[in-house]
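Let's take a friendly tour of a protein model, looking at one residue and at how some helices pack. Have the sequence and the 3D view ready as you read.

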Amino acid sequence: MAFSFGLFELDEAGRVLLCARQEVALQPRVFDLLVYLVRYRDRVISKDELLESVWPDVTVTDNSLQRAVSSLRAALRRGGMDGAIRNLPGKGYRFFLESEIRQPERIDRKHTDAAVGTIGAIGLARRAAAGQLWLQAATLFASADENGELNAEDLHNWALALQCLGKTTAAVPILVRAIAARSEAGDTAGAAVDAIALSGLHFESGQAAIGKGWLARAEDWASRIDDPATTALLLWMKSKLAAFDGEPEQALALADAAYTSVKYKDALNIEALSLAYRGFYRLCLGDTHGGMADQDHAAAVALSSANLDPIMGGSLYCNILWAARMFGDWARADQWTRSYQNFCSGSGMELTGSCQLHRSEVLGIRGSLDEALARIKDALARLTSDAPWSMGDANRVLGDVLAAIGDDDAALEAYDRAYALGWCPEPGRAMLLLARGEAEAAYASLERSLIGKTWWTLQRRGILLAHLALVAAHTNRSGRAKALICELSGNPDRWPMPSIRALTNEAQAILALSRQDHEVAMRHLHLARQLWSSIEGRVQIVRLRLQISRLQLERGDTRGAMAEAHAAQLLAGELGSPKLVADCVALQRDIDGWRPAARRQLCG
């Protein structure tokens, strides 16, 4: 039996797994595990069944299965499909894909071998690039280059293949050659486009001065031609530079000019990209409704394009889900990270460090903490070369995941690294300090995070203000807390996100408790929990259920306290957080201790 999914082809009889037509080495038991999961993908398979089927007549432990699953996920990560193996706590594993597994196309090896002799490496390289078989294309282009067969377009596609494989450093010298070849051939528009791409690669790697130099070269070429698509691409890149230089108003004007210059001019890819970034800058400047509308429109434009360029499409997806993360719009972020992963798989692209970073933060809020931790560590390894400027953000997310798991010391170390790299570690660091009893330090950290007008501060302002309101309430700054709550709730069009509304409700609950108004506090806590539930913010749901349970216990409602504690414990176990599980156990112990005492009082 043979199966094909994403970039992978699984040949059970031949015991071969291919990714983009390249063999993936698997240990025998790991290969057997993959076959079994794929064959019975229509159901959840228990651990016992997997152990009996994959390790027949061999005594092994759950650790053997966990190691095999980990190895298999690492292999599938090459094609961006490590998330296909789902662990359902207490039930087992399932191989899950949003698209159907299909029978692979049969390849005539004799025909292929003959084609190599007839067409040569360059012909096969061009075919592989057209078919988005990037690993094969990169290998064949390198082979053809030894014979001096590559023209400017071949060099461009070779660089594209390397970028899709996540090898941006290797793509840089190839793009330089492509630019020189285009310039020599008089292809001014092509030279400008490749120079813009090269500018972006240098900018992402932290070499802003070199990036600006190549952008100036591209602008010189673009000024000689009348090509709206090239002009728009140039303006879009300039808007990115303006944003990182702390000029959001200028960035918005440039993105708007880019969109206007290419609108209705049959350049859907660039139209979608410039529109997405215009939406992002509008979000940063407080126009939430307009910004989200722009980004949704951009997605629709991109999807209507029959040939969305992988790198350009990746930039568009990345920008939209980045905005969703920064604004605490977790439901939207979850949808976009899944869509981005599917896009990478369909385009044959290697999952980037940025993609793993985005997904890990979403999983940290909504899903498995173990998987979130694995992904963020993978992101840190990749971002060193992919996008070193975002290493600080990755360490911030690592701190958030470690804090949710309960490794406070490691979390604080990660937050310190984020800060040392020039990145704001809030609000995660402040909330960890608050939980450790350092409320004043938490308040001071959040106040500092709001200083300045960088793109980072602007885009996270709402979520930072909401956390500051909560910490202000905890530190008895009732006036400050009320003013912040009023600012946030008084601008529902600017900050409509459930996460922000949940935090302001929790702050109102703390203020009510300071007045001994338990009824109002309970109402706000339930509203906060419901808002987190609407976006599956499961870590926050557990935390709030524990608060509600303790408050019910204090009021003598043991049955209500037990119900909340039980729900919290079930969810904490699924998340994989020893800290939250321990908090649930401690609360249950208090409930069990209170019940006999209550009965004795009634009997007396």
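## A residue and its helix neighbours

Leaving aside residues up to four places away in sequence, Val193 touches Thr230 and Leu233. Keep in mind that you are looking at a predicted model. Val193 itself is found in helix α8, which covers residues 188-204. Is Val193 buried, exposed or partly exposed? Val193 has a relative accessible area of 29%, so it counts as partly exposed. You can also look from Val193 towards Glu219: these two residues are 26 apart along the chain, and their C-alpha atoms are separated by 9.8 Å.

## Two pairs of packed helices

To describe two packed helices, we give the angle between their axes and the distance between those axes. Here are two pairs to find in the 3D view.

| Helix pair | Residues | Angle between axes | Distance between axes |
|---|---|---|---|
| α9 and α10 | 208-222 and 228-244 | about 155° | 10 Å |
| α2 and α3 | 47-54 and 62-76 | about 85° | 10 Å |

Let's start with α9 and α10, which pack at an angle of about 155°. Because an angle over 145° counts as roughly antiparallel, α9 is roughly antiparallel to α10. The crossing of these two helices is left-handed. On the α9 side, the contact is made by Lys212, Leu215, Ala218, Glu219 and Ala222, while α10 brings Thr230, Leu234, Met237, Lys238 and Leu241. Glu219 and Thr230, which we met with Val193, both belong to this contact. What kinds of residues take part in the contact of α9 with α10? They divide into 6 nonpolar, 1 polar and 3 charged.

Now turn to α2 and α3, where the angle is about 85°. That makes α2 roughly perpendicular to α3. From α2, the residues in the contact are Lys47, Leu50 and Leu51; from α3, they are Asp62, Leu65 and Gln66. This contact has 3 nonpolar, 1 polar and 2 charged residues.

## How confident is the prediction?

The mean pLDDT of the protein is 84, and 89% of its residues reach 70 or more. Where does the pLDDT stay under 50? One such stretch is residues 100-118, for which the model has 24 contacts beyond four places in sequence. Residues 598-604 also have a pLDDT below 50, and this stretch has 0 contacts in the model beyond near neighbours in sequence.

How values were computed. Residues are numbered from 1 along each chain as its sequence is written. This is a predicted model: local features need pLDDT of at least 70, side-chain atom pairs count only at pLDDT 80 or more; totals for chains, interfaces and linings use all residues. Side-chain values use heavy atoms; hydrogens and water are left out. Axes are lines fitted to C-alpha atoms, for helices over the stretch in contact, and angles run from 0 to 180 degrees between N-to-C directions. Helices (H or I, at least four residues) and strands (E, at least two) are DSSP runs, numbered from the N terminus. Angles under 35 degrees count as roughly parallel, over 145 as roughly antiparallel, 65 to 115 as roughly perpendicular and the rest as oblique. A crossing is left-handed if the near helix is turned anticlockwise from the far one by less than a right angle, and right-handed if clockwise. Contact means heavy atoms within 4.5 Å. Ala, Val, Leu, Ile, Met, Phe, Trp, Tyr, Cys and Pro count as nonpolar, Asp, Glu, Lys and Arg as charged, and the others, Gly among them, as polar. pLDDT is the predictor's confidence in each residue, from 0 to 100. Buried means under 20% relative accessible area, exposed over 50%, partly exposed in between (1.4 Å probe, protein chains only).
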